[in-house]
Amino acid sequence: MTNRSPLVDTTDYPSLASEIASMAHGYPYADPPELLGRIGSEVSADPGGPHGRAMLAALWASRWYVHWKIADRELVTALAEAAERAEAALTAAGCAGGHEHPELADADDPEEMAALIEMIGAPGARGTAEAAACPGHLALLAADTASALRSALRQRFGVPETDHLDARYLTADGRTAFDALITDLERQRRSQVDQQAQSAAIWSARRLLAAAPEAERPRLAIAVCLLAKHCYWSSTAPGIVALYRKALATVDLTPREEPCSHREGHPGVKLAAPPRPATPDERGELCPRRVAEQVHAILAYTDDYMAS
Ligand SMILES: [Zn+2]
Ligand SMILES: [Zn+2]
């Protein structure tokens, strides 16, 4: 959490509703992961109680923000579990009948969704507010929230399988077939991620993590850097960026501080697909110092992306 972000009192329902609406519009004043983390714990602590119900409404109104903007897998998992716990408790409590539930499940306006927090939190709620706070009604919103967050976990934190690519990227004796790998990486030319190039980078990241032979590591590291560099432009799923970062963290960065044979350094070397094995590395693209510099830069760049 940054120092500048104000802490929102989650029992001040009008302020919370206004903060949740701003956040859903993309202009939070508070720190969203911090606030959402507290909302999730408060839902989990007392899913059926009056405050827990108001917090469920807050979580429900935040579900698409969480789906698209939260890059912390543990936080999204905790929020999905809180919604599931609320669904179970509220379903068990059920609806006593005698009222009509508001049609809120289709609401997509942030103010309209956040208004539910205030409605539910109002003391001695009667009429529409009482029906909105009804466990039978809130159980549906809890289910809606749990489903949105579970789909976020699948879509945003899952990493595509690449086992089938072993047939293409490994030689008969188990070495990396760099010509095939580089051909696919070279497809990455525009700002939009090329899916085949992305699969090649994911495969390379897994190869680095599976203790790739030393001689293969510089090219594999550059392959991962190339696609990691595109994370902002194409909103790469945080699960994939996390895998890239884990793989890059295995690269030895000490050569960054050591002299190399390139007296001018590597200012002319742009991030592109690594050179093919048959091509002489005239510009020092695979120089350990250049690779360490590149990896260091991409680790900083993706750290910002994951925190954004
Ligand atoms: Zn009811
Ligand atoms: Zn060098």
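Q: Before we start, what makes a residue count as buried?
A: A residue is buried if 20 or more other C-beta atoms lie within 10 Å of its own.

Q: Cool, so what share of this chain is buried?
A: This is a predicted model, and in it buried residues account for 39% of the 308 residues in the protein chain.

Q: What about secondary structure, how many helices and strands are there?
A: The protein chain has 14 helices and zero strands. Reading from the N terminus, you simply meet one α element after another.

Q: How does its radius of gyration sit next to that of a compact globule?
A: The protein chain has 25 Å, whereas a compact globule of 308 residues would be near 19 Å.

Q: And what does the C-alpha trace span along its principal axes?
A: About 80 × 45 × 30 Å.

Q: Switching to contacts: of those between residues at least 6 apart in sequence, what percentage join residues at least 24 apart?
A: That comes to 73% in the protein chain.

Q: Can we zoom in on a helix pair? How do H9 and H10 cross?
A: Happy to! Helix H9 covers residues 178-185 and helix H10 covers residues 195-209. Their axes come within 7 Å and cross at roughly 135°.

Q: Is that parallel or oblique?
A: H9 and H10 are oblique to each other, because of that angle.

Q: Which residues meet there?
A: From H9, you have Leu181, Asp184 and Leu185, and they meet Gln196, Ala197, Ala200 and Ser204 of H10.

Q: What kinds of residues are those?
A: The contact of H9 with H10 has four nonpolar residues, two polar and one charged.

Key:
Residues numbered from 1 in each chain as written. Chains lettered and ligands numbered in written order. Predicted model: local features only at pLDDT ≥ 70, side-chain atom pairs only at ≥ 80, totals over all residues. Helix = DSSP H or I, 4+ residues; strand = E, 2+ residues; numbered from the N terminus. Rg over C-alpha atoms; globule rule 2.2 N^0.38 Å. Buried ≥ 20, exposed ≤ 12 C-beta atoms within 10 Å, placed from the backbone. Contact = placed C-beta atoms within 7 Å. Axes fitted to C-alpha atoms, helices over the stretch in contact; angles between N-to-C directions. Parallel < 35°, antiparallel > 145°, perpendicular 65-115°, else oblique. Nonpolar A, V, L, I, M, F, W, Y, C, P; charged D, E, K, R; others polar.
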